[in-house]
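Colleague: I am new to this structure and would like a close look at a single part of it. Could you take me through one pocket and set it beside another?

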Amino acid sequence: TTVAISATASHPIPTTLYGQMFEDINSGDGGLYAELLQNRAFQQVAPNTTAALNAWHAIGSATINVVADPTPVSSALPNALQLRVPSSASGAVGFGNEGYWGIKVDSTWTYNASFYYRFPAASAQKPTSTVSLVSSSGDTYAAASVTLDGSQTTWKQVFVTLKPNANAPNTANNFAVTLDGASARGLTVNFAMFSLFPPTYKGRANGMRIDVATALAEMNPSFFRLPGGNNLEGQSTATRWQWNATVGPLVDRPGRMGDWGYINTDGLGLMEYLYWCEDVGMQPIMAVWAGYSLDGDSLPENELAPYIQQAADQIEFVIGDTSTTYGALRASLGRAEPFNLTYIEVGNEDFFASSSYIYRWRDFYGNLSARYPQLQFIATTYPFNPILTPTPKHYDNHVYQTPHWFASNSFFYDDYERNGTTYFEGEYASISSNASDLYGSAATGRFLYPTMAASTGEAAFMTGLERNADIVFAASYAPLLQNIASTQWTPDLVSYDAATVYRSTSYYTQQLFSVNRGDEYLPSTLPARNGTVFWSVTRRNSPSAILIKVSNTVSTPADLVFQLPLGINAGSSGTAQVLQGSQNASNTPSTPNAVTPVTFTISVGRTVNYSAPGFSVSVLTVPIA
Ligand SMILES: [NH3+][C@H]1C[C@H](O)[C@@H](O)[C@@H]1CO
C-alpha cells in the first residue's frame, strides 16, 4: 500500500489529546495513593463487628475491638481500636495490619508511621510500645519504641520513622504495635487514625506511590479526569462523592462507601488530585456531581440548588482567589495560588438518566457557566440525544467494545458533523472478544489483561482520533489502574500488587501515541475503512520530525510505502518503535514483559518503506531538518 503524505497540515493536534481517566476502582486506596495501611481509621464501619477489624489482627493474648469512642479523635472518625491486655498477659501483645494485601519492605526507604492513642481510664503505667515492620513469619525488619503515657486520657498523636534493615523477600509483611504483656497487664488503650507512608512521588506529603505514579507520568499525559466515573455518583445521593469531605486534615475526613464495593478513605482528596496534576504536568478534567446516583434516582429540579451550590463551591476551592470563602479555605490548607482548571464534567454517563439530564444540565450548566464563564463544561449524555439547552460545547463519549469493533470504527469521528462541538473520548477499551457478552467473564471472552488484539484495535481507533482531532480534544483509556489482589473491572491499563507494577500492552500503546503525538496532523492517503491496517501522520515541531503511527490489527504483515511530502528535508534514517506480539499476547503478573516496545533504525529516502508486523503498533520517527 502506498501512502502519500501531504505537506499541508489540516489541523493542530490539541495539547490535551492524550491523558488519563481516574476513579477509585481499586486505583486510589491501595493503589496510586501511597498509604500502606488498609482500614487505617476504621471509617464507615460498624463498631463491635469483625468487619470493622478488616486488615487488622491481634498479636499474643491481647484482644482488639473497634469501639465507638465516647470522646472520638474527631467528629469525622467516631471509631477507635481498643486494645485490652489480659491480667495474665506475658510476651508481646498488641495488633498488626496486613496492608493492602501485603506491605513492601524496602531497606532504602524511610517509612513514616503515626497514630493517635489515649487511655480511656488513667493509669500510672507508662508502657513502652514497639512500632515495627515484621514479616508474617516473625522477622522484624524495622522497629521503634514509643512510650504510651497512662495519664494521657485525651487523644495524643505520635510519629515514628522506620528504616528497614533489609529488603523483605516478599510482601507478606505487617505493620505492628506491641507492648510487653507482663508490664502492661490489665491495661486498656484506645488507638485511632493510623498511617504508614513510604516515600512518595516527588516527596509530596500524603502523596502517591512512586512506582505507580512513575508509570503514569511516563505516559506523558496532558489531563487527568477525576474523581470518576461511577465513583463520583454514589449508590444514593447521600453517598455521592463530596469534595468538601475530601479536603483538610486526614483526621477530619470521614471517608465514604465507594461505588465499587469498598470504603474509600478519601485520603486521596481534591487537593491531592490537584497537586498530582501539577506534579505530572496535567490539567484536571474535574467532574461535579449532577443530581443522579447509581440507584437510578435523579433529584427533582426543585431540589438541585444545594448541589449546584456545592459544585460551585468545589470550583471555587480550585480556582477562587483568597478573598472567596473556598479560595480562602484552600489558602488555609497551604495553597494560596489557584490551581489550573479549564474543563468541568457535569455528572457521569448521564445517558442512564437522559430525561432528567435535560433539566439537570440546564440548571448545573446554567448556574456554573454564569459564575465561571471562563470554564468549559462537558455533557455526558449521548451527543444531541436528548437535545439539551443550552447546547453543550463538549460531550464525553464512552465505548467498551471488542478489538474488531475498534478496528472497524477507526472512522468513528470522520462522519461526525462539524458544528462547533468538540468531543472527549473519555473512556474506551477493548474489553472482550465476545460482542454479544462484552461485560461477561473470562470464560465468555472478557479480557483479564489487554491483549495485542485489544491494543492494536485501540491503536486503530486512536489513528482516527488524531485524524479527527479537529473535533476530538481529549481521549483516555479506562479504567486506568487495578490492584490484582482485589479487582473490580478488567482489563485495566496498569496493574499492580503491593510490590510490583505491571504495564499492559495497551499501556505501551497509549504511551507510544501520547509521547509521540506531534503538533499538527498531516493528511495522507486514507486507510480502508473496513481494512486491517491503519495509520496516522503528524508533524512535530521540536525536535522537528514527521511521526507515522501504524496499527496492524491482523496477523499478516502489512507492507507500506509512505511517500514523504515534497519540499521537506528528511535525513537518511529514522527510528521505529514497535510493540508487537501474537493476537493473544498479554503482559500479566506471570508474564509481565511478554510484549514491550523495541526501537530500531529505519532507512529514509523519498519514501519510508515499512513492513508492519502482524498485531503491531508502530511509531516511525522521520527527523526533518
Ligand atoms: N462502567 C464504566 C463507566 C463508568 O464511568 C466507569 O466508572 C466504569 C469503569 O470504567
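Colleague: How much space lies in the second largest pocket?

Modeller: Happy to show you around! The second largest pocket holds about 440 Å³ of space. Its lining is made of 29 residues, and those closest to its centre are Glu 349, Phe 351, His 398, Tyr 400 and Glu 427. If you want to find the pocket along the chain, look for strands β20 (394-401) and β21 (422-430), the elements that each give two or more residues to its lining. Of these, β20 provides the largest share, five residues.

Before going further, please keep in mind that this is a predicted model, in which local features need pLDDT of at least 70 and side-chain atom pairs count only at pLDDT 80 or more, while totals for chains, interfaces and linings use all residues. Residues are numbered from 1 along each chain as its sequence is written, and side-chain values use heavy atoms, with hydrogens and water left out.

A pocket here is an open set of points on a 1 Å grid over the protein atoms alone where a 1.4 Å probe fits, with protein on both sides within 12 Å along at least five of seven lines; lining residues have an atom within 4 Å of a point. Volume is the space filled by probe spheres set on the points, joined across faces, edges and corners. Helices (H or I, at least four residues) and strands (E, at least two) are DSSP runs, numbered from the N terminus.

What is the lining of the second largest pocket like by class? There are 17 nonpolar, seven polar and five charged residues around this pocket. Asp, Glu, Lys and Arg count as charged, Ala, Val, Leu, Ile, Met, Phe, Trp, Tyr, Cys and Pro as nonpolar, and the others, Gly among them, as polar.

Now for its neighbour in the ranking. The largest pocket has a volume of about 630 Å³. It is lined by 30 residues, with Ala 205, Asn 206, Gly 207, Leu 250 and Glu 272 the closest to its centre. Two or more lining residues come from each of the strands β8 (111-118), β11 (156-162) and β13 (188-197), and from helix α4 (270-280). Here α4 gives the largest share, five residues, whereas in the second largest pocket that part falls to β20. By class, the largest pocket is lined by 17 nonpolar, nine polar and four charged residues.
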